[in-house]
Every structure is written in structure tokens, then in C-alpha cells.
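The following exercises concern strands, sheets and a ligand shell. Please study the sequence and the model, then work through each solution.

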Amino acid sequence: MTEHKIEHKLNTNSLTEIANRVAVPSYNRVEVEAGIVHVGIGGFHRAHEALYTDELLNDNSQKKWGICGVALLEFDKKIHQTLTNQNGLYTLIVKELDGTLTNRVIGSIVDFMYAPENPWAVVEKMASPETKIITLTITEGGYNFNEATGEFIIDNPSIQYDLKNPTTPKTIFGYLTESLKLRKENNIQGVTIQSCDNIQGNGHVTKKMLLSYMQHAEPELIPWVEANVSFPNSMVDRITPATVASDIITLKETTGIMDEWPVVCEPFKQWVIEDEFVAGRPAWENAGAQFVTDVVPYEKMKLTLLNAGHSVLGILGALLGYKTIDEAVHDENLSAFLKTYMNLEVTPTLGNLKGVNLEEYKQTLIERFGNTHIKDQVERICSESSAKIPKFILPTVTQQLKNSGQVELAAYVLAAWAIYSLGENEKGEKLIIRDAMEGLLYEKAMLAKTDPKQFLEIDSIFGDLKSSENFVSIFEKAYSNIAQFGIKKGIFEINQK
Ligand code: CS2
């Protein structure tokens with residue numbers, strides 16, 4: 001065994017050794033204060049915000065902007081355990097287009113907490129004067145609103161639990177409310193709450209949902225929140241597939257680093273943020289983030305092209321039996337379909353995006369999806385589609401219908417989703433569906449077999465779409481086409497038009 005192959009478990013003690021092999025934090029982590037509390041320390045956060053923040057800490061001028069990572073759900077116990085074992089350190093593996101792997105140890109998560117173990121400690125941390133920003137990646141479904149009406153779902157059992165048990169909350173709304181209340185009581189300055197999830201107007205949505213919760217929990221706190229808390233919108237972007245066992249093994253074999261849970265991602269990254277921070281912020285622009293006054297058009301572009309593009313490839317690809325997004329986009333039939341969808345159905349809804357070359361953006365997306373080293377899982381993309389599709393695809397449908405624009409391809413994808421929800425692909429293989437609404441989707445998908453429009457009757461997803469006769473008839477046609485001829489023939493025909 002050559003010297004550099006001596007294996008080291010990643011933690012503070014092994015950092016000096018590891019520094020001979022890959023880049024490690026150049027700053028003294030002990031001196032870094034956690035000015036940011038981040039909720040949701042999954043792969044995406046660790047490939048994105050934590051990396052931007054690590055870059056700033058590396059230039060040693062931003063010592064109060066470390067991150068305290070909060071695992072909110074019991075589901076997150078494993079990642080919390082890993083961070084505990086590794087003193088918050090992890091390896092970020094960037095997979096370049098040519099297959100090169102760039103490994104780097106990230107140190108910006110200087111503190112971490114597992115909320116279910118001691119919820120009040122998290123409330124206090126969020127309320128501490130040292131905390132200036134609370135950032136969130138709690139997934140699209142975590143914002144707890146009815147997709148069709150945009151209203152807060154007050155009868156969600158976890159929300160009801162938080163209302164009855166404010167000192168031991170389970171949801172983000174319970175945590176934020178209690179911590180803001182504590183701030184006010186202790187006369188502590190306000191805080192910025194920044195969503196980093198894929199939702200149009202993510203800051204506006206966070207504020208609306210939090211205030212809706214507060215109407216029931218602490219209505220008298222609302223004026224203080226209005227005056228002291230800001231909710232900047234932001235657009236976040238970096239494809240971060242789930243880490244698989246071979247990533248862990250390759251890292252160990254090539255560098256000797258034993259990391260229980262490294263994060264893998266694509267080279268591209270983007271972060272566009274509205275500059276509304278009531279208690280200061282790190283100079284993330286020095287690490288490449290863009291600060292703008294209105295992020296909404298960028299968000300819309302990203303959600304309706306990238307994220308929707310993912311869902312299109314994911315759902316159609318799943319039915320065709322593809323396991324990864326690169327396999328799906330390398331199917332010429334599928335990529336032609338996707339390009340037509342982007343050009344004829346999404347682009348007309350985007351208006352004039354100043355400073356953006358849309359053609360180039362779309363081309364780059366196809367290249368990013370096609371990165372054969374990323375191997376983003378179709379299963380990951382299709383997971384929680386009931387929270388994703390209303391944000392990624394349905395706004396395009398609504399706007400196109402309003403403007404008498406084309407919706408054939410979107411309808412085709414929704415019809416494919418109905419068939420996907422039956423749980424089997426066209427090769428007869430079982431599909432693993434992970435979705436909070438899985439039961440209802442299946443029930444409606446069964447009914448759709450004889451009456452396709454029944455699928456559109458899931459009001460909490462599709463709202464009023466079922467009342468557009470025009471759309472229903474396009475949807476029904478797409479459904480019977482898929483049911484009769486299958487996806488391959490269906491999209492081939494669409495591509496011929
Ligand atoms: C994906 C996103 O989960 C999904 O549906 O589209 O995770 C996507 O990879 C990121 O938003 C990329 O920025």
C-alpha cells in the first residue's frame with residue numbers, strides 16, 4: 001500500500017493528513033460562529049449553500065458566517081449521525097462532464113443538531129442573537145400548502161400537533177413561530193428566513209405559510225414578524241443525485257478518505273438571491289452568487305425548464321424502463337420531445353428575460369441532463385411528483401391555456417403520470433413510487449383506466465383543470481394513445497408533427 005493510500009476516517013483529527021490528498025478547509029473551524037441556522041442538511045444543501053459558504057470561510061474574512069445544520073425529521077437521523085461522527089466534515093465530489101472527479105472537504109457546517117431529540121434546543125438556537133439567517137431546504141412538499149388554492153393546510157395532523165404542543169414542535173412552522181416569539185420576548189433583533197427550495201416565489205410562500213400558521217398559533221406575534229423578519233426569494237440550482245455505495249468506495253480507493261456520506265454533484269451551480277437581509281449576510285457574491293432585486297423571472301425559468309424537464313424525462317423515462325436521467329435524455333426520441341416541450345409550450349410563457357440567453361440556457365440543460373457520470377436517478381426525480389408537478393408543469397399549462405397556446409406535450413406527460421402511478425413500467429417491471437399522495441394517485445390511476453379524466457379530479461393537485469373541456473379532451477386523447485400504443489410510439493408520432 002502506497003503512503004497516500006493509508007485510509008483515514010474523515011474527522012477533525014485526520015484533516016492534516018487528508019490535506020495532502022484533497023483540498024480541505026483552510027480556516028480554523030473552531031473560530032467560526034454559526035450565523036446561519038440551516039434546516040434540511042440533505043445532499044442539495046451540502047452541494048450548494050454549504051459550498052458557497054465554505055468558499056467564503058476559506059478567504060478568512062467571514063468568520064461569523066458558519067452554518068448550524070438542523071436535521072428536522074426522524075428520517076434525517078442518519079445524516080445527523082454521520083455529521084456527528086465526522087465533526088460536521090464531508091467530502092463534496094464534483095463529477096465533471098469528462099468524468100474527472102474533483103474532491104474537496106467542506107467545513108462550513110460547524111455545528112449540527114437533531115431536532116427530534118431536543119426540539120427546544122433548536123428553538124433556542126434559532127432565537128439566539130448569534131443567528132442572523134435561517135435558511136431552509138425542506139423540499140417542495142414541506143411548505144404545506146394546497147397546490148390548487150395556494151392555501152395553508154391547517155388540518156395536517158403534524159400542524160395540529162404543533163398547535164397543541166408548541167414547546168415540542170415537529171414542523172418548521174412550529175419551530176419558526178416559537179423561535180420568533182422568543183426573539184421578541186428577549187428583545188433580540190429580527191432575522192432573515194430564506195427558502196432554498198424549488199418553489200416559485202419561495203420567500204413569498206414561506207412568509208405566507210408561516211403567517212397562516214401564526215394566525216392560529218400566535219396571532220399577536222404577526223405585526224412583529226412583519227416588521228422584523230425578511231423573506232428573500234431565491235433561485236437555487238445544482239443537480240445533486242443521491243449518493244450511492246460506489247461513490248463511497250471510489251472516494252476511499254482513490255484518496256484513502258473514508259467518508260460515510262460524501263455528496264456528489266454536477267459542476268454547474270447557480271444561486272440568485274434577492275438582497276433583503278435584515279440582520280446582515282455573508283458576501284456570497286464573492287463565491288459566485290448573484291444578488292438581484294427581483295428573482296421571480298429567473299426562478300420561473302429554472303422551475304419550468306430545468307425542474308419540469310427533469311419531470312418530463314423522469315416520468316416518460318420511468319415508463320420506458322430507464323433508470324437514470326442521462327439514459328433517458330440520450331434516447332433521441334425523448335430529447336426531441338423535451339426540446340419541443342421547452343420550445344413550444346414553456347418558452348412562450350417566459351416573456352422577456354433580461355440578460356438571459358434562453359436558447360443557450362435550454363441547450364446547456366440538455367448537456368447537464370446528459371452528463372453520464374452524474375447518473376441522477378429517475379426514481380429520485382419522480383419521487384414526490386405530487387408536490388413537484390404542480391410547481392414545475394401545471395403553471396405552464398394554466399398560462400398556455402389562458403393564452404390559447406399549445407398544451408399537447410404537457411398533457412401527454414400528465415397522462416403518462418397517470419399510467420406511471422399504476423406502479424409498473426412498459427417492460428412489466430415494478431416502479432418504486434415514493435410520494436406522500438401515493439394512495440390517492442393509485443386510486444385515481446385505477447379509475448383513469450376506464451375514464452382517464454378521473455385522474456384530473458385530484459383537486460388538491462390539479463385544481464380546476466378538469467373544467468377546461470379543451471384540456472380534458474387533449475388529456476384523454478394522450479391517455480388512450482399511451483394506453484394503446486405505448487410511450488415510444490406516442491412520442492415518435494408527436495416528434496413527427
Ligand atoms: C429535481 C431537482 O428533484 C427534482 O425534481 O428537478 O432536485 C433538481 O435536480 C435541482 O433543483 C437542480 O437544481
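**Exercise 1.** Determine how strand E4 is paired and placed.

Solution. Strand E4 pairs in the parallel sense with strand E11 (residues 263–265) over three bridges. Strands here are DSSP runs of at least two residues (E), helices are runs of at least four (H or I), and both are numbered from the N terminus; two strands pair if DSSP finds at least two bridges between them. Within this pairing, Leu92 stands opposite Val263 in E11.

The model is predicted: local features need pLDDT of at least 70 and side-chain atom pairs count only at pLDDT 80 or more, while totals for chains, interfaces and linings use all residues. Residues are numbered from 1 along each chain as its sequence is written.

Next, six bridges join E4 to strand E5 (residues 101–106) in the antiparallel sense, with Thr91 opposite Val105. E4 and E5 form a hairpin with five residues between them, and Gly99 in the turn has a positive phi of about 95 degrees.

Finally, consider the side chains. Tyr90, Leu92 and Val94 point one way from E4, and Thr91, Ile93 and Lys95 the other way. In a regular strand the side chains alternate between the two faces of the sheet. Six of the six residues of E4 (residues 90–95) are buried, so the strand is largely enclosed by the rest of the structure. A residue is buried if 20 or more other C-beta atoms, placed from the backbone, lie within 10 Å of its own.

**Exercise 2.** Describe the open sheet that contains strand E7, and identify its edges.

Solution. Five strands form this sheet in the order E6-E3-E2-E7-E8, with parallel pairing. Strands E6 (109–114) and E8 (192–195) stand at the edges with a single partner strand each, so one side of each is left without a neighbour in the sheet. The twist averages 20 degrees from one strand to the next, where axes are lines fitted to C-alpha atoms, for helices over the stretch in contact, and angles run from 0 to 180 degrees between N-to-C directions. Four parallel bridges join E7 (residues 133–136) to E8; the partner of Ile134 in E8 is Ile193.

**Exercise 3.** Which residues surround the ligand, and how do they divide by character?

Solution. The shell consists of Asn198, Asp237, Arg238, Ile239, Asn307, His310, Ile381 and Lys388, taking as near a residue whose C-beta atom, placed from the backbone, lies within 6 Å. Two are nonpolar, three polar and three charged. Ala, Val, Leu, Ile, Met, Phe, Trp, Tyr, Cys and Pro count as nonpolar, Asp, Glu, Lys and Arg as charged, and the others, Gly among them, as polar.

Note on methods:
Buried ≥ 20, exposed ≤ 12 C-beta atoms within 10 Å, placed from the backbone.
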